[in-house]
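Grab a coffee and open the viewer: here are some short exercises to work through. Try each task yourself before you read the solution.

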Amino acid sequence: QERGESEFRHYYLMLKLLVEYEKGTESPWYQWMNSLPRYYTNAASMTPFCCLCLPSLMRKLTVQERGYLQRLGVSSIKM
């Protein structure tokens, strides 16, 4: 249950950011959000080949994060 609560908090934060982003210049967070990078990469978005090139611990963590990301996507669709 503790892991589920953590994922729920992350989902709520993501949802809050999307709502503020949709408000555009009307959001009190606009200046901060506008200062963020437009593109970045992370381990969860790596290709399977890139994952094979990682050291074993990093590969394990990457696969774990990718699993969280996929479950979050499936959960979002069901809601």
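The exercises below go from the overall fold to single side chains, and keep in mind that the model is predicted.

**Exercise 1. Get your bearings**

Task: Work out how many helices and strands the protein chain has, and what share of its residues is buried.

Solution:
- Step 1. Start with the secondary structure: the protein chain has four helices and zero strands.
- Step 2. Walk along the sequence, and the pattern reads α-α-α-α.
- Step 3. Now look at burial, where the cut-off is under 20% relative accessible area. Of the 79 residues in the protein chain, 18% are buried.
- Step 4. Turn to the surface. The accessible surface of the protein chain is about 7000 Å², and carbon and sulfur atoms hold 64% of that.
- Step 5. Finish with contacts. Take those in the protein chain with a separation of 6 or more: 25% of them link residues 24 or more positions apart.

**Exercise 2. Track down the salt bridges**

Task: Find out how many salt bridges the structure holds, and explain how Lys16, Glu20 and Lys23 are joined.

Solution:
- Step 1. Count them: there are two salt bridges in the structure.
- Step 2. Take Lys16 and Glu20, whose side chains meet in a salt bridge at 2.8 Å, N to O. These two sit four residues apart in helix α1 (residues 2-23), so about one helical turn separates them.
- Step 3. Move on to Lys23, whose side chain also forms a salt bridge with that of Glu20, at 3.3 Å, N to O. Here the spacing in helix α1 is three residues, so Lys23 and Glu20 are again about one helical turn apart.
- Step 4. Put the pairs together: through shared partners, the salt bridges make one network of Lys16, Glu20 and Lys23.
- Step 5. Check accessibility. Glu20 is buried, at 3% relative accessible area, whereas Lys16 is partly exposed at 37% and Lys23 is partly exposed at 41%.

**Exercise 3. Describe the aromatic pair**

Task: Decide whether the pair formed by Trp29 and Trp32 is stacked, tilted or edge-to-face.

Solution:
- Step 1. See how many candidates there are: the structure holds one aromatic pair.
- Step 2. Recall what you need, since a pair of aromatic rings is described by the distance of the centres and the angle of the planes.
- Step 3. Read off both values for Trp29 and Trp32: 6.0 Å centre to centre and 75° between the planes.
- Step 4. Apply the cut-off: planes over 60 degrees apart count as edge-to-face, so Trp29 and Trp32 form an edge-to-face pair.
- Step 5. Add the surroundings. Trp29 is partly exposed, with 48% relative accessible area, and Trp32 is partly exposed too, with 43%.

**Exercise 4. Check the cysteines**

Task: Establish how many disulfides the structure has, then look at Cys51 and Cys53 one by one.

Solution:
- Step 1. Search the whole structure, and you find zero disulfides.
- Step 2. For Cys51, the nearest cysteine sulfur belongs to Cys50, 7.0 Å away. A disulfide needs sulfur atoms within 2.5 Å, so Cys51 is in none.
- Step 3. For Cys53, the nearest cysteine sulfur is also that of Cys50, at 6.3 Å, and Cys53 is in no disulfide.
- Step 4. Are these two buried or exposed? Cys51 is buried, with a relative accessible area of 5%, while Cys53 is exposed at 54%.

Definitions and conventions
Residues are numbered from 1 along each chain as its sequence is written. This is a predicted model: local features need pLDDT of at least 70, side-chain atom pairs count only at pLDDT 80 or more; totals for chains, interfaces and linings use all residues. Side-chain values use heavy atoms; hydrogens and water are left out. A salt bridge is a side-chain nitrogen of Lys or Arg within 4 Å of a carboxyl oxygen of Asp or Glu. Buried means under 20% relative accessible area, exposed over 50%, partly exposed in between (1.4 Å probe, protein chains only). Rings of Phe, Tyr and Trp (its six-membered ring) pair if their centres lie within 6.5 Å; planes under 30 degrees apart count as stacked, over 60 as edge-to-face and the rest as tilted. Contact means heavy atoms within 4.5 Å. Accessible areas come from the Shrake-Rupley method with a 1.4 Å probe; for residues, only the protein chains shown count as cover.
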